[in-house]
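Student: I'm new to this one and would love a close look at a single part of it. Could you show me the model and then talk me through that part slowly?

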Amino acid sequence: MTCRSESRKLFIGLFAIWGICALLAGSLRAAEPAAQAQQMEFFETKIRPVLVEKCYSCHSEGAKKLKGDLKVDTAAGLLRGGESGSPS
């Protein structure tokens, strides 16, 4: 398996996780504060570290060269999507 296909699978998996988190975030408005805190802690401890380690170097404001015109370091960047224009 090539590095490129492994990276693609990793990104697909990460964005699937992000999608689940986005769905959970939609319910945050109605959730009680304790549930909100748990969900934010989950994102900050389980999701963000993976994005920082695997994605930010190519897909963030601080990237030397932004790949695919996709930024994953902001909610707006994820919702805008990359070159395809589809939300990530």
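Student: To get my bearings, in what order do the elements of the protein run from the N terminus on? After that, please zoom in on the loop between helix H2 and helix H3.

Tutor: Happy to, and keep in mind that this is a predicted model. From the N terminus on, the elements run α-α-α, and the count is 3 helices and 0 strands. The protein has 88 residues, of which 23% count as buried.

Let's walk up to your loop along H2, which covers residues 33-54. With 22 residues at 1.5 Å each, H2 should span 32 Å, and its end C-alpha atoms are 30 Å apart, so the two values agree. H2 does have a kink of about 35 degrees at Ile47, shortly before the proline Pro49. Its buried residues are Phe43, Ile47 and Leu51.

Those three names come back in the largest nonpolar core, which has 10 residues in all: Leu14, Trp18, Phe43, Ile47, Leu51, Cys55, Tyr56, Leu70, Val72 and Leu78. Helix H1 (3-28) and H2 are the elements that give two or more residues to this core, and H2 supplies the largest share, 3 residues. As a general background point, nonpolar side chains in soluble globular proteins tend to be buried together.

Now look just past the end of H2. Cys55 counts as buried because its relative accessibility is 0%. You might spot Cys58 and wonder about a bond between the two. The sulfur of Cys58 is 8.7 Å from the closest cysteine sulfur, in Cys55, and that is too far for a bond. The count of disulfides comes to 0, and Cys55 is in none.

Tyr56 is a nice one to click on. Leaving aside neighbours within four places in sequence, Tyr56 is in contact with Arg48, Leu51, Ala63, Val72 and Asp73. Asp73 turns up again with Ser60, which sits in the loop between H2 and H3 (75-80). Ser60 touches Leu66, Leu70, Lys71 and Asp73, again not counting residues up to four places away. Is Ser60 buried or exposed? Its relative accessible area is 8%, and buried means under 20%, so Ser60 is buried.

Further along the loop between H2 and H3 comes Asp69. Its phi is positive, about 50 degrees, although Asp69 is not a glycine. Asp69 counts as partly exposed because its relative accessibility is 35%.

Finally, step into H3, where you find Gly77. Gly77 counts as buried, since its relative accessibility is 8%. With neighbours within four places in sequence left aside, Gly77 is in contact with Leu70 and Lys71, and Ser60 touches both Leu70 and Lys71 too. The C-alpha atoms of Gly77 and Glu61 are separated by 9.6 Å, with their positions 16 residues apart along the chain.

To place all this in the whole protein, take the contacts with a separation of 6 or more: residues 24 or more positions apart account for 23% of them. And the accessible surface comes to about 6,300 Å², with 60% of that belonging to carbon and sulfur atoms.

Notes:
Residues numbered from 1 in each chain as written. Predicted model: local features only at pLDDT ≥ 70, side-chain atom pairs only at ≥ 80, totals over all residues. Heavy atoms only, no water. Helix = DSSP H or I, 4+ residues; strand = E, 2+ residues; numbered from the N terminus. Buried < 20%, exposed > 50% of the residue type's maximum accessible area, 1.4 Å probe, protein only. Contact = heavy atoms within 4.5 Å. Core = buried A, V, L, I, M, F, W, Y, C linked by side-chain atoms within 4.5 Å. Expected span 1.5 Å × (residues − 1). Bend = angle between axes of the 7 residues up to and from the residue. Disulfide = S-S within 2.5 Å. Areas by Shrake-Rupley, 256 points an atom, 1.4 Å probe, with all protein chains shown as cover.
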